[in-house]
Amino acid sequence: MGREEYQAGDLVFAILMLFIVMALLVSIPFETKWFEGVPLVKQPRLWPTFCLVGMALFGLLYSLQIWRSYKFQLGQVQGELNELSSWSRPLEFVFYFVLYVWFVPLAGYLLSTLLFFSLLTIRSGYRSLLMFWVSLATGFGIVVVFKSLLQVKIPSGTIYDFLPDGWATFFMIYF
Amino acid sequence: MDLILSSFDIFFRWDVWAAILVGSIGGVIIGAIPGVGPAVAIAILLPATYSMEPIIGITVLLGIYGSAMYGGAIPAILINTPGTPVNALTTYDGYSMTKDNKARRAITLAYWSSFTGGIFSIIALIFMTSVIAKVAPLFGSRDILMAALLGLVLVVISHRKQTLIAGMLVFFGMFISTIGMESVKYTKRFTFDQSWLLSGFDLITVLLGLFAVSQAFILLIGNDKRVSMPSLKGKKSEGFFDLIKYKTVALISSAMGVIMGIIPGVGEFLAQFFSYNIARGISDKPERFGKGAPEGIIAAEAANNAVPAAAMIPLLALGIPGEALTAMMLSVFYVHSIIPGPDLFVKHIDFVYGLYESLIVINIIVMIFLLFATKYLLKIIQIPQRFLGVSILGLSFVGVYTLRNSMIDCIMCAVFGVFGYALKRLNLPIVPIILGMVLGNIMELKFRASQARIDTLFDYINRPISGTIFAIIVIALLIHFWAIWRQYRRKTN
């Protein structure tokens with residue numbers, strides 16, 4: 001639930017959040033409107049300002065708390081930087097995810113999902129034929145449950161236009 | 001009685017039963033897989049439930065919510081890894097019992113305790129509903145504003161030792177909810193001239209990013225753990241007799257779960273924490289706690305399973321979610337234009353009873369399923385972690401893309417996923433962001449709606465209900481600061 005100890009990354013996180021809050025606070029006059037003659041409580045600017053001030057206040061106190069437990073040693077500075085770089089590790093998977101999203105309207109949900117599951121399974125280090133088939137079966141199962149049975153709103157792929165008429169309609173509706 | 005009978009019309013529909021089965025069994029399976037949890041599953045399924053009738057959608061989600069903790073006890077007891085975060089306390093005594101070759105006894109005890117907590121809370125709620133139906137219509141804008149404020153205050157102070165960061169994240173969530181076109185003067189707020197920001201951040205996009213996508217990243221980047229399952233020896237009835245022996249602990253813990261569940265922003269963690277301490281306090285052998293005490297399992301499991309049904313009360317009666325999972329369910333109501341709040345208990349009381357009946361059946365089905373299917377669930381626990389990550393990422397796509405087929409939504413979801421990943425690595429809480437987002441929006445609406453009757457600040461609290469809630473807020477804050485002061489004094493002495 002809670003923790004008392006300082007952890008590598010705490011300081012850099014606190015500084016980043018404070019930096020974002022300060023930038024947002026400065027942009028309040030440009031990003032919100034103020035109406036002359038309208039009482040303060042009815043101004044559209046009031047609520048976001050209240051949230052940002054609250055965020056800044058808690059953020060400042062949190063930063064002070066971290067600062068007090070921070071010891072300026074080479075190891076701790078290195079730890080902060082290592083943690084910061086570790087936050088970029090998911091970016092590779094973000095790229096695959098966005099690629100998948102981009103690919104669905106082109107290749108259709110079924111083919112994109114099968115490719116996504118099988119390639120990401122291989123990327124995750126699984127090389128056995130069994131895992132390859134498991135990944136394909138999982139991808140197929142997800143498509144069947146969500147698109148074929150629950151009929152969720154996913155556009156059909158452009159690729160289906162190249163199928164014979166009957167097949168094209170079938171794939172557009174169910175896959 | 002007439003109301004209960006009329007609710008049977010809803011309850012005995014085949015599609016409601018299908019939803020109960022899918023939700024309850026699906027919830028157990030999801031709960032049993034460490035690293036998934038009900039929040040991830042509900043976030044993914046949420047958009048799919050939008051096309052269902054509210055009773056069906058809510059039943060599926062409630063099934064997952066109510067049964068995941070049953071399943072979460074299995075890996076907590078057998079391999080010392082809680083299936084859901086709230087099963088963490090079960091590992092203390094559960095895993096100790098497994099090491100003493102009492103795995104079957106510990107598991108069946110966890111099931112029966114969970115069942116007791118679940119059923120106790122639903123029965124309590126059915127009796128309380130008539131009271132709530134009378135009180136709920138008395139809630140005005142100022143009362144709901146204060147109740148939402150209470151929820152936010154409690155969610156901040158319940159994050160012991162992380163109060164400051166929880167406070168900052170609550171305000172962050174509140175700020176996110178203000179982005180976009182505001183609905184009174186129709187002005188843009190923090191859109192930075194980007195058209196895609198005009199409609200603001202969708203709750204589902206943020207939820208999926210923070211809960212599901214971030215979890216997928218954690219699993220994909222981590223390593224697979226090889227787990228060896230202990231064998232389950234002994235009789236299925238052993239746990240039941242333990243429960244009978246320690247029935248007082250079960251009842252106290254269930255009651256604690258109900259009380260904590262009703263209070264917004266508190267939830268399972270504090271419920272089981274208090275129950276565990278009470279159980280240790282009244283035990284003849286408190287030294288056994290943490291080393292395989294059956295009362296420890298009973299306290300943790302009965303308390304956390306009593307919470308889901310109780311957490312529905314502030315949601316249904318006031319439209320105020322107490323934690324992230326009920327915040328997700330709130331969106332299902334809004335999509336179907338059924339606005340939870342005082343009117344629900346007047347106009348749709350049969351719907352509310354239908355939900356309670358579904359909850360009872362969910363608990364019974366889960367119990368029967370677990371007593372006979374535990375050995376099969378042990379296989380599911382062994383699914384490789386990184387492959388789970390692949391599956392969660394693939395499923396997250398369904399969740400976010402089906403909202404409005406938007407690439408921007410998916411990118412935002414991924415961005416929140418990276419943010420959630422950083423928070424999880426730092427062991428910082430995510431729930432305050434979600435509650436800040438949901439309750440912040442409610443607070444702004446009610447704040448504006450109440451202006452017609454406000455002349456001075458005192459007018460916010462001069463109604464009996466808002467005054468009482470304000471007093472609770474003050475008392476909660478005083479207790480919190482007193483605890484900090486006491487801790488500070490202990491350190492300096």
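Me: Before we look at the helix near the end of chain B, what makes a residue buried?
Reply: Happy to start there, and keep in mind that this is a predicted model. A residue is buried when other C-beta atoms lie within 10 Å of its own, and the count needed is 20 or more.

Me: Which residues of α18(B) are buried?
Reply: Helix α18 of chain B covers residues 407-425. By that cut-off of 20 or more C-beta atoms within 10 Å, its buried residues are Asp409(B), Cys410(B), Met412(B), Cys413(B), Ala414(B), Phe416(B), Gly417(B), Val418(B), Gly420(B), Tyr421(B), Ala422(B) and Arg425(B).

Me: How far does helix α18 of chain B reach from its first C-alpha to its last?
Reply: Helix α18 of chain B has 19 residues, and 1.5 Å a residue is the expected rate. The reach is close to the expected span, at 27 Å.

Me: Which helix of chain B gives the most to the largest nonpolar core?
Reply: That core has 204 residues, and Ile42(B) and Ala43(B) have the most contacts inside it. The top contribution is 17 residues, and it comes from helix α13 (residues 294-318).

Me: Why does this core lie between two domains of chain A?
Reply: Look at where its residues come from in chain A. The core lies between the two domains because residues are given to it by both domain 1 (10-86) and domain 2 (91-174).

Me: Which helix gives the most to the side of chain A that touches chain B?
Reply: The contact takes 57 residues from chain A and 52 residues from chain B. Helices that each supply at least two residues on the chain A side include α1, α5 and α7. The most, 11 residues, comes from α3(A).

Conventions:
Residues are numbered from 1 along each chain as its sequence is written. Chains are lettered from A and ligands numbered from 1 in the order in which they are written. This is a predicted model: local features need pLDDT of at least 70, side-chain atom pairs count only at pLDDT 80 or more; totals for chains, interfaces and linings use all residues. A nonpolar core is a set of buried Ala, Val, Leu, Ile, Met, Phe, Trp, Tyr and Cys residues joined through C-beta atoms within 7 Å. A residue is buried if 20 or more other C-beta atoms lie within 10 Å of its own, exposed if 12 or fewer, and partly exposed in between; C-beta atoms are placed from the backbone. Helices (H or I, at least four residues) and strands (E, at least two) are DSSP runs, numbered from the N terminus. Domain bounds come from an automatic or database domain assignment. The expected span of a helix is 1.5 Å times one less than its number of residues. Two residues are in contact if their C-beta atoms, placed from the backbone, lie within 7 Å.
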